[in-house]
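Welcome! Below are some exercises to work through at your own pace, each with a solution that goes step by step. Have a look around the model before you start.

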Amino acid sequence: MSLVVLSNQQSESELLGQESSIFKPYSFRNALSSTLTIPRNSQIALQSAKINLDGSVMIGGDSKVFYLYFGQGIKFNGSTHGNSWNTIDDMEQSTAVPIRINLFDGVSPTTKVNSNELGEAVEKALRESFTHPQFMNRVEVQPKLTATGDFQGYEFAFRAGILGNGGAAAYQLNNYIPPTGSALALLQWQKRYGGVANGWLYPANPDGTPAAGKFSLPILFGSTASVTFNVPPLANVGTTNLKAECEYDITEAVLGKVAGQPDIDPTTTVKWFCGLGRSSTGRQGDQVRQGARNNINPSYYRYNNGSDYLQWLKFFYDVGVFMTNENQGGGSGGGGYQYLAGDMNVGQCVCDTFDNAGNVRGGGARFMPKMKVYPYWNDPTSSFTAGGSAWGGAGTAEPNPLRPFNLFTDVLNDGGTVSRVMFRVNGETCKILIESTARTQYIICDYDDTNDAHQNLKPLSQDCWNLYPMMAMNNQRVTAAGSRQKSLTITRFSGANDNFRVPGNEWVNADGTLATHNGLPAGGWNDPSLPGGYRDWNAHLEQNSQGEAVQGLMGRPFINRGSLIYRDAGGGLVAAPNPVKYGNVTGNDPTDLVYNLQRPALILQDSNRYTPTPEASSAQILGFKNIPVQNTEIDQTATGSKVDWYMSSTSVPNFVSTKSIFVRLDNFTQESVNAFRGNISKIIAHLPRFVQEAPSGEGAMYLEPAERVYLDLNNSDVLRVNSFDVSLVYQDETYATSLQGSTIIVLHIRPKE
């Protein structure tokens with residue numbers, strides 16, 4: 001019998017390997033000064049091994065996946081589990097889905113990183129995937145260290161506060177009207193890829209203040225002219241002093257009618273729309289099949305679905321206010337909702353699965369979202385309900401309308417006419433107001449926790465995190481040439497500009513203007529490949545032909561306006577409370593933000609609460625041992641607003657090698673089978689699966705099999721050996737490059753018993 005001691009270098013304390021490829025810690029050759037004779041019919045086994053980890057961990061595909069969830073917490077077996085954030089029963093009540101995070105996406109199946117590199121990779125992956133406007137580029141992952149500098153894991157910070165322009169005040173919002181080059185024609189799919197829409201004017205104010213952006217119709221158009229914008233999305237906060245809002249001046253669009261005058265003359269007024277909508281960058285197959293090739297809509301939307309649609313409103317939007325200049329019946333054949341000329345309507349694109357009798361609607365499009373009129377005159381928060389404060393002039397008895405406010409025939413309480421429409425966002429809630437020429441503001445609708453579910457607009461769920469201004473006009477029936485020149489004007493847009501200023505990848509310049517490429521705004525959602533380009537959750541799935549996942553979220557009971565939670569046994573509307581509550585947001589109270597009930601969470605192992613989360617398996621490498629779901633906590637010391645969340649590793653990450661290490665003797669006659677690769681191999685031993693105990697993740701390890709496994713050398717004659725070629729490899733037989741410094745392998749050779 002014989003022991004053979006092999007090593008790649010002389011000094012065990014030297015951690016730097018030699019440069020020659022034959023002296024690497026994972027691949028080396030020891031040459032003998034004289035020939036070693038091995039008797040015939042001998043066997044060989046690994047006696048022991050000493051290796052040095054270089055402070056890195058080899059991460060295989062089985063540890064590269066985790067999920068991010070931002071919403072209200074799911075109860076644990078029906079209980080809040082001691083966490084007041086867990087407020088809903090299951091995912092069907094949630095307005096969000098877990099977002100899959102792939103570490104080192106697009107690289108080799110096995111990735112070698114140290115603790116710092118892993119933290120940087122996690123931060124990068126979260127920033128690329130968490131495209132909520134409040135958190136865009138504001139997720140931070142830092143090493144968690146003791147006072148003496150020992151590595152203890154990671155600290156995660158999710159910062160939702162937007163700093164003001166120039167940093168004058170925390171959480172200040174900026175008002176940048178979309179610049180000229182960002183206006184994209186909504187109905188011409190070619191224009192979505194860089195063309196500028198006709199009729200969009202952005203005059204520069206001489207005093208340097210943000211100018212109003214005017215969208216006009218200079219000529220008679222045969223179809224609806226509309227624009228959306230490739231700008232940073234609307235911010236998503238709402239406090240007393242900080243109003244994330246989009247404001248439109250509609251005065252000229254309804255010009256030609258005098259409030260209180262009953263005559264209706266469509267030849268001098270236009271159809272118009274203003275609102276907010278998500279991005280959509282694909283030419284969709286459903287629209288092509290319908291012959292409506294010029295419509296840029298998500299794949300899961302058909303403009304003519306449902307009984308409320310209007311022929312001139314073919315584009316998808318999330319929420320909007322609009323008016324038609326003629327009496328029209330909605331739906332095909334005009335048998336749906338009846339639109340009256342001059343009515344101020346509120347619309348939302350939602351699923352509406354069940355009819356009033358509680359039956360599933362027929363047709364293949366029954367689960368697709370559709371345009372639905374929101375009856376704000378039944379909303380208790382509205383100024384336009386029966387007896388509401390908006391109706392009637394001075395000394396006029398308040399009417400009992402139960403109908404929309406008519407811009408042609410009705411009079412506001414202050415005697416003025418409607419001049420502006422405002423959309424104000426707070427978390428997942430949207431408040432819509434109008435302002436009169438006398439500067440009085442009236443509420444069209446607002447979220448109220450005490451309202452029945454059907455008395456609130458749809459939540460701005462994960463599919464509409466990123467919202468952009470949209471405007472449209474149609475002057476097809478305007479016969480008087482002097483009346484064709486109508487316009488809509490953006491007077492305020494609180495974009496999340498600060499969050500899109502990233503050195504080296506700017507979309508927004510330091511002064512708030514948009515970076516350009518060939519004279520047009522660069523990147524953004526319109527072209528993710530350019531500087532500052534990004535894809536939000538909805539657009540990412542659309543561009544990967546997974547629009548059904550977005551449709552699935554929109555069809556959840558709380559979001560689905562036709563859900564049975566809104567219906568009684570006879571199909572009528574019921575006084576059903578909202579299954580998801582946001583607290584008191586009607587007053588925009590900064591101490592009671594929506595975000596107090598919506599928080600980020602990491603899903604680190606496949607969960608039966610947060611679904612679907614297949615392949616999630618990053619708990620150990622991120623320092624959350626035996627914790628499948630890690631919630632964040634609000635920073636109670638934050639000033640200005642409680643909008644920052646934190647979490648940190650609960651245990652020191654055990655850098656468990658997710659790729660086992662094997663010893664291979666390359667120049668001998670033994671044989672083994674690597675069934676994983678499907679071939680004959682030279683592997684002689686499997687090193688025990690190891691845990692690196694040193695907090696730094698590096699150091700020496702001494703390994704000895706509990707029982708030696710001998711392999712036949714298959715030598716019927718004596719072997720004369722003058723070198724040993726040793727490799728340490730992973731199961732795919734690539735080199736174990738996580739090793740450094742000195743490697744010592746001891747082999748035991750014996751005659752076959």
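## Exercise 1: A covered strand

Both sides of strand β6 are covered: Val65, Tyr67, Tyr69 and Gly71 are buried on one face, and Phe66, Leu68 and Phe70 are buried on the other. Keep in mind as you go that this is a predicted model.

**Task.** Find how many residues of β6 (residues 65-71) are buried, and which strands pair with β6.

**Solution.**
- Step 1. Count along the strand: 7 of the 7 residues in β6 are buried.
- Step 2. Recall a general pattern: in a regular strand, side chains alternate between the two faces of the sheet. The two groups named at the start follow the two sides of β6.
- Step 3. Look for one partner. Strand β9 (residues 99-102) runs antiparallel to β6, and 4 bridges join them. Within this pair, Phe66 has Ile101 of β9 as its bridge partner.
- Step 4. Look for another partner. Strand β31 (residues 599-603) pairs with β6 over 5 bridges, also in the antiparallel sense. Here Tyr67 stands opposite Ile603.

## Exercise 2: The whole chain

**Task.** Describe the chain by its helices and strands, its buried share and its contacts.

**Solution.**
- Step 1. Begin with the elements: there are 4 helices and 42 strands.
- Step 2. Turn to burial, taking a residue as buried when its relative accessible area is under 20%. Of the 753 residues in the chain, 56% are buried.
- Step 3. Consider contacts with a separation of 6 or more: 69% of them join residues 24 or more positions apart.
- Step 4. Finish with the surface. The chain exposes about 29,800 Å², and carbon and sulfur atoms supply 49% of that area.

## Exercise 3: Two open sheets

**Task.** Work out which strands stand at the edges of the sheet of 7 strands and of the sheet of 5 strands.

**Solution.**
- Step 1. Write down the order of the 7 strands: β13-β16-β27-β18-β19-β22-β23, an open sheet with antiparallel pairing.
- Step 2. Read off the ends. β13 (183-185) and β23 (370-373) each have a single partner strand, so one side of each lacks a neighbour in the sheet. From one strand to the next, the twist averages 25 degrees.
- Step 3. Zoom in on one end. β22 (residues 345-350) pairs with β23 through 4 bridges in the antiparallel sense, and Cys349 stands opposite Met371 of β23.
- Step 4. Now take the 5 strands, which form an open antiparallel sheet in the order β2-β3-β41-β35-β38. Its edges are β2 (23-24) and β38 (683-686); each has a single partner, so one side of each is left without a neighbour in the sheet.
- Step 5. Check a pair inside this order. β3 (residues 27-38) and β41 (residues 719-729) are antiparallel over 8 bridges, with Ser723 of β41 as the bridge partner of Ala31.

## Exercise 4: A helix with a buried face

**Task.** Explain why the buried residues of α4 line one face of the helix.

**Solution.**
- Step 1. List the buried residues of α4 (residues 547-554): Gly547, Val550, Gln551, Leu553 and Met554.
- Step 2. Look down the helix axis. These buried residues of α4 fall within an arc of 155 degrees, so they line one face.
- Step 3. Ask what covers them: the cover includes β22 and α3 (537-543).

## Exercise 5: Cores and distant partners

**Task.** Find which residues touch the most other members of the largest nonpolar core, then decide whether Met701 and Gln455 are buried or exposed.

**Solution.**
- Step 1. The largest nonpolar core has 126 residues, and Trp272, Phe384 and Ile432 touch the most other members. Another core, of 32 residues, lies apart from it and has Ile51 and Leu665 among its members.
- Step 2. Met701 sits in strand β39 (residues 698-703). Its relative accessibility is 10%, so Met701 counts as buried. The C-alpha atoms of Met701 and Ile51 are 5.4 Å apart, although 650 residues separate them along the chain.
- Step 3. Gln455 belongs to the loop between β26 (441-445) and β27 (468-474). With a relative accessible area of 16%, Gln455 is buried too.
- Step 4. Beyond its neighbours within four places in sequence, Gln455 contacts Tyr374, Asn378, Asp379 and Pro380. From Gln455 to Asn378 the C-alpha distance is 6.9 Å, across 77 residues of sequence.

Conventions: Residues numbered from 1 in each chain as written. Predicted model: local features only at pLDDT ≥ 70, side-chain atom pairs only at ≥ 80, totals over all residues. Heavy atoms only, no water. Buried < 20%, exposed > 50% of the residue type's maximum accessible area, 1.4 Å probe, protein only. Contact = heavy atoms within 4.5 Å. Areas by Shrake-Rupley, 256 points an atom, 1.4 Å probe, with all protein chains shown as cover. Pairing = 2+ DSSP bridges. Axes fitted to C-alpha atoms, helices over the stretch in contact; angles between N-to-C directions. Core = buried A, V, L, I, M, F, W, Y, C linked by side-chain atoms within 4.5 Å. Arc of directions from axis to C-beta.
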